[in-house]
Amino acid sequence: MRGKVIAITGAARGIGLATARLLRERGATVVIGDIDEIELRRAAKELGVTGLPLDVTDEASFAAFLTDAENAHGPLDVLINNAGIMPVGPIEDFDETLTRRTIEIDLLGVIRGSRLVAVPMAGRGRGHIVNVASVAGRVAVPGLAVYTGAKHGVIGFSEALAAELEPHGVRVSTVLPTFTKTGLIDGIALPRLGFAAEPQDVARAIARCIDRPRMHVAVPWPVSVFHSSALAPFRLKRLISRLLGADRAFMTANSAARAHHSRQLPESTAAQQVPRHTRTTEGNP
């Protein structure tokens, strides 16, 4: 880890911030990016790292972020595509704006960042792209249809990109956390047996993946069984989902508890962060 130049998107809080802190402690030169410039400045000052504004939905912003990072610290060894949002609720509550916003950040942001670093990394014959996906990309859960679609896309894209870049010395990995104790799960009653990870758990998994690259890393390790469930019969997966209560957990949410996450969405879509019939719910759903 020591001496590597590592850029992390969506790193002003949550998993990104925990990862930046850990990699900095292990001797890496870390550059963090985020669309929330106030939190970005706070995090950069706290960690003693370079913080650069970044909108992963904008090609010019992403390109400038990477260029400024390399101008300050030299060629990137690792890009961690971490930025993401997780709107929840029934599909009827997702208008075109919210749907596009989720796909733009959670999937196209990953593709955009990977594409921008792939060519220079391949030209140097080395590099590592780490894409933070989700176990939701392998498990179909009601209330997370758009998010699941985006994360499923990240997993498939990463596998294809890994095969494409391997001959050029560039590695690609995906990290698949389960429910992680960040703002993304505020106001959601987790399913029974829902393994909840701390941001630091995911950060350690990312660090291990950089040290010893792997295609897929599930966090925590027991959720690897869900990562391997792609070939299980659909009816069996639905039965397990119902038994665990996962078929209801993301269809309802506490709107007050999710207010902070909603503020990270465009103003026109923030009200759709939770289903219409629960937006005024107080207390636990």
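The exchange below goes through the sheet, a helix packed on it and an aromatic pair in this predicted model.

User: What makes β3 and β7 the edge strands of the sheet?

Analyst: The open sheet has 7 strands in the order β3-β2-β1-β4-β5-β6-β7, with parallel pairing, and β3 (50-53) and β7 (216-219) each pair on one side only. From one strand to the next, the twist averages 20°.

User: How do you know that β6 and β7 count as paired?

Analyst: Two strands pair if DSSP finds at least two bridges between them, and 4 bridges join β6 (residues 170-177) to β7, so the criterion is met. The two strands run parallel, and V175 has V217 in β7 as its bridge partner.

User: Which strands does helix α1 touch, and what angle does its direction make with that of β1?

Analyst: Helix α1 (residues 14-25) packs on the sheet, where it touches β1 (5-9), β2 (29-34), β4 (78-81) and β6; the direction of α1 makes about 165° with that of β1.

User: Why is the contact between F62 and F65 called an edge-to-face aromatic pair?

Analyst: Rings pair if their centres lie within 6.5 Å, and planes over 60 degrees apart count as edge-to-face; F62 and F65 are 6.3 Å centre to centre with 65° between the planes, and therefore both conditions are satisfied. The structure holds 1 aromatic pair.

User: Where do F62 and F65 lie in helix α3 relative to one another, and are they buried or exposed?

Analyst: Because they are 3 residues apart in helix α3 (residues 59-73), F62 and F65 are separated by about one helical turn. Both F62 and F65 are buried.

Definitions and conventions. Residues numbered from 1 in each chain as written. Predicted model: local features only at pLDDT ≥ 70, side-chain atom pairs only at ≥ 80, totals over all residues. Heavy atoms only, no water. Axes fitted to C-alpha atoms, helices over the stretch in contact; angles between N-to-C directions. Contact = heavy atoms within 4.5 Å. Phe/Tyr/Trp six-rings, centres within 6.5 Å; stacked < 30°, edge-to-face > 60°. Buried < 20%, exposed > 50% of the residue type's maximum accessible area, 1.4 Å probe, protein only.
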